[in-house]
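User: Please walk me through this model. I will ask how each label is earned.

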Number of protein chains: 2
Amino acid sequence: MASIKEIAKAAQVSCSTVSRALNHKKGVSTEVRDKIIKIAEDLSYFPHSGARSLVQNRAGVIGVIIPRTSEFAFQSPFYNHVLLGLSEMAGRHDYNLMLIINDSRSYTSFYYRHQVDGVIVVGNRINDERTIELAEKNVPAVIVPGFPEGEYQNLATVNSENFKSTHRAVSYLIGLGHRKIAFVLGSMSSKYSFERLEAYQKAFREHDLDYDPAYVAESDFTKTDAYRLMGELLDLDQPPTAVICINDTLTPGVLQQIFSRGLKIPQQISVVAIGCSDLLDLVLPPLTTVRVPAEAIGQTMARVLIQLIETGHCNKRHTVIPTDFIIRESTGPAIGQGG
Amino acid sequence: MASIKEIAKAAQVSCSTVSRALNHKKGVSTEVRDKIIKIAEDLSYFPHSGARSLVQNRAGVIGVIIPRTSEFAFQSPFYNHVLLGLSEMAGRHDYNLMLIINDSRSYTSFYYRHQVDGVIVVGNRINDERTIELAEKNVPAVIVPGFPEGEYQNLATVNSENFKSTHRAVSYLIGLGHRKIAFVLGSMSSKYSFERLEAYQKAFREHDLDYDPAYVAESDFTKTDAYRLMGELLDLDQPPTAVICINDTLTPGVLQQIFSRGLKIPQQISVVAIGCSDLLDLVLPPLTTVRVPAEAIGQTMARVLIQLIETGHCNKRHTVIPTDFIIRESTGPAIGQGG
DNA sequence: TTGTATGCGTTATCAG
DNA sequence: CTGATAACGCATACAA
């Protein structure tokens, strides 16, 4: 593979002149420059990125960390949409994306190795020590969703409107007369589960209602587990008249359990899905949905991180992306459902 | 950030000794080694990957090239599953993944820049000149699906059983009495579309039937286009009694068109889906499916590429991954459908 | 067992 | 406008 040296030899100039010419710096005569550029093309020359990062102290790469199994990361519409947004925005700013999925290594290590100029953590778990290390070591980083506490120079967060959207969905169901509202959550080590459960509880309190913990199910975020848990919920003496699914991976499991029992939606049970999947649009009846704009989350993360990397600070340390509440046909009044 | 030099100073030894100790090479006394390792940890030392790639001529990175819009790449279950397989296998062999989505740059350039040790092209378009360049410049590469022709030292291909599986699906429908079988394809610049159309034609020929090109629709691989084309197909004087959807992105559009007209599956129209989506399992009635094991495709690609990179050759230059044909409830006899 | 010297490909500083 | 030289961080051949 060609190096700057060979070009220099072929053009009968020094390495410095070649470097200047190829980097479009001034101080090279037009004829010499043209000659060098032509030779470089003929030799299919490209600069060695490692050598460059050595002198320039810049990798041109953003690390995308997803602390989930690859299976989960790539099958979940949420992560896919976030990646989509990241990819768009990174490309627009000439950064490449390095994927770090389900990796046990320290998050800072990729930065210390100079493999990446900064990292994005998607699906951060509450109290993951590696995220804290990221902050303490001052590595440029953007975290979703949120970060426990503290203000750090090089750390920003992006959040979707978890609390507000869930609160709205639960209030809506309560308004329809529902009292036994099942809530299929993911793991409680996820901020998504945590914040949304708080919203659920608050909505009940605001309507002077007690909420029954029996209707709240903590899943491992898989379809299989959602299927199982929904089964248990429907087996209760007083089965729920409505159910909220916390994300796209759980919704199919919940629906399959409902379908398998021949229950009618929304006549016998109302369903609200939180998520961003297009494929779930196919379900009949069309689902009442809290639509999470995951693509916008990805775009925002990339934009903020690049600002952090290039300027050392960012305009807005904590961004919250609004969600939509779309009422369709899977929710109806609780009247006449017995119980 | 700490370098080998600082460690050397702190340990009062030379750089070479530090390098040897940290790389677990012999020729370092145990006490010196332990001392060096401790200091390295204290200083959170990690080797500079650029400097290393300069000396070792190895990046430890696999380039994953998807010549599609990021939107398409991340929303298509096929690409997601392939990425899943890639990610698993790469991680197991200590390679990182660099994502190159919808990028107009030459594929070889990433290799020439020493950013990657080899590349994987997912969703190669027939006659994409950049793929040919990859082969001619002898860059370690694995292509899916297939590659026009020629044998190259550093190039391998992975294919799913496109022809055979489609052939089986069409034969099955013909066996059920269907004659007007619509086939919603993607772009004809995709080898998937091309090979599957050939299989479709061959199945008709084998049954001494003429196939009518009017039933073959070439889409742009989007759900919207599938919806539109299925509309046109159903508007024909002699509408199809069965339809085959060539992949997961098209299936939802086709189904929505069918649902929107209130047509019953399979009584009024039979549906066969080709793909690998789990979410589509939710559709009622359960779809007869050609299941493409995309995850296995990804795993195989990574395995072969790594062998190519590390040994300079591979055991099997062209791998074909078998598909499953799963008969469920969306297909039925063509009898009594008029026409 | 350890240290010295060299080179990988690039950019930057400085002198001419 | 151009060239020589040093430096980035690391690994290694060779010398001690």
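Analyst: Start with a definition: a polar contact is a pair of N or O atoms within 3.5 Å; within protein, one must be able to donate a hydrogen and the other to accept it, and residues adjacent in sequence count only if both atoms are side-chain atoms. This is a predicted model, in which local features need pLDDT of at least 70, side-chain atom pairs count only at pLDDT 80 or more, and totals for chains, interfaces and linings use all residues. Residues are numbered from 1 along each chain as its sequence is written, chains are lettered from A and ligands numbered from 1 in the order in which they are written, and side-chain values use heavy atoms, with hydrogens and water left out.

User: What makes the pair between Tyr45(B) and DNA strand D a polar contact?

Analyst: A polar side-chain atom of Tyr45(B) lies 2.5 Å from a phosphate oxygen of strand D. The cut-off is 3.5 Å, so the pair counts. His48(B) reaches a phosphate oxygen of that strand with a polar backbone atom, at 3.1 Å. Ala51(B) uses a polar backbone atom too, 3.5 Å from a base nitrogen.

User: Which elements supply the surface near DNA strand D?

Analyst: Near means that a heavy atom of the residue lies within 4 Å of the molecule or strand. Helices (H or I, at least four residues) and strands (E, at least two) are DSSP runs, numbered from the N terminus. Two or more residues each come from H2 (15–22) and H4 (49–56) of chain A, and from H1 (4–11), H2 (15–22) and H4 (49–56) of chain B. H4(B) gives the largest share, 5 residues.

User: How many residues surround DNA strand D, and which are closest?

Analyst: 28 residues surround strand D; the closest are Thr17(A), Ser29(A), Ile4(B), Lys25(B) and Tyr45(B). By class there are 12 nonpolar, 11 polar and 5 charged. Here Ala, Val, Leu, Ile, Met, Phe, Trp, Tyr, Cys and Pro count as nonpolar, Asp, Glu, Lys and Arg as charged, and the others, Gly among them, as polar. Of the strand D atoms within 4 Å of the protein, 66% belong to sugar or phosphate and the rest to bases.

User: Which residues are closest to DNA strand C?

Analyst: Ile4(A), Lys25(A), Tyr45(A), Ser16(B) and Ser29(B) are the closest of 27 surrounding residues. Sugar and phosphate make up 66% of the strand C atoms within 4 Å of the protein. A side-chain N or O atom of Lys25(A) is 2.8 Å from a phosphate oxygen. A polar side-chain atom of Ser19(A) is 2.9 Å from a phosphate oxygen. Ser16(B) places a side-chain N or O atom 2.8 Å from a base oxygen. The largest share of this surface, 5 residues, comes from H4(A).

User: Why is H12(A) called largely enclosed?

Analyst: Buried means under 20% relative accessible area, exposed over 50%, partly exposed in between (1.4 Å probe, protein chains only). In H12(A), residues 250–260, 8 of the 11 residues are buried, so the helix is largely enclosed by the rest of the structure. Among them are Leu250(A), Val254(A) and Ile258(A). Their cover includes strand S6 (181–185), helix H11 (223–234), strand S8 (242–245) and strand S9 (270–275) of chain A. Gly262(A) follows the helix, with a positive phi near 70°.

User: How do you know whether Thr108(B) is buried or exposed?

Analyst: The relative accessible area of Thr108(B) is 0%, so the residue is buried. Thr108(B) lies in H7(B), residues 107–112. Contact means heavy atoms within 4.5 Å. Leaving aside neighbours within four places in sequence, Thr108(B) is in contact with Glu133(B), Leu134(B), Lys137(B) and Val139(B). The side chains of Thr108(B) and Ser106(B) share a polar contact of 2.7 Å.
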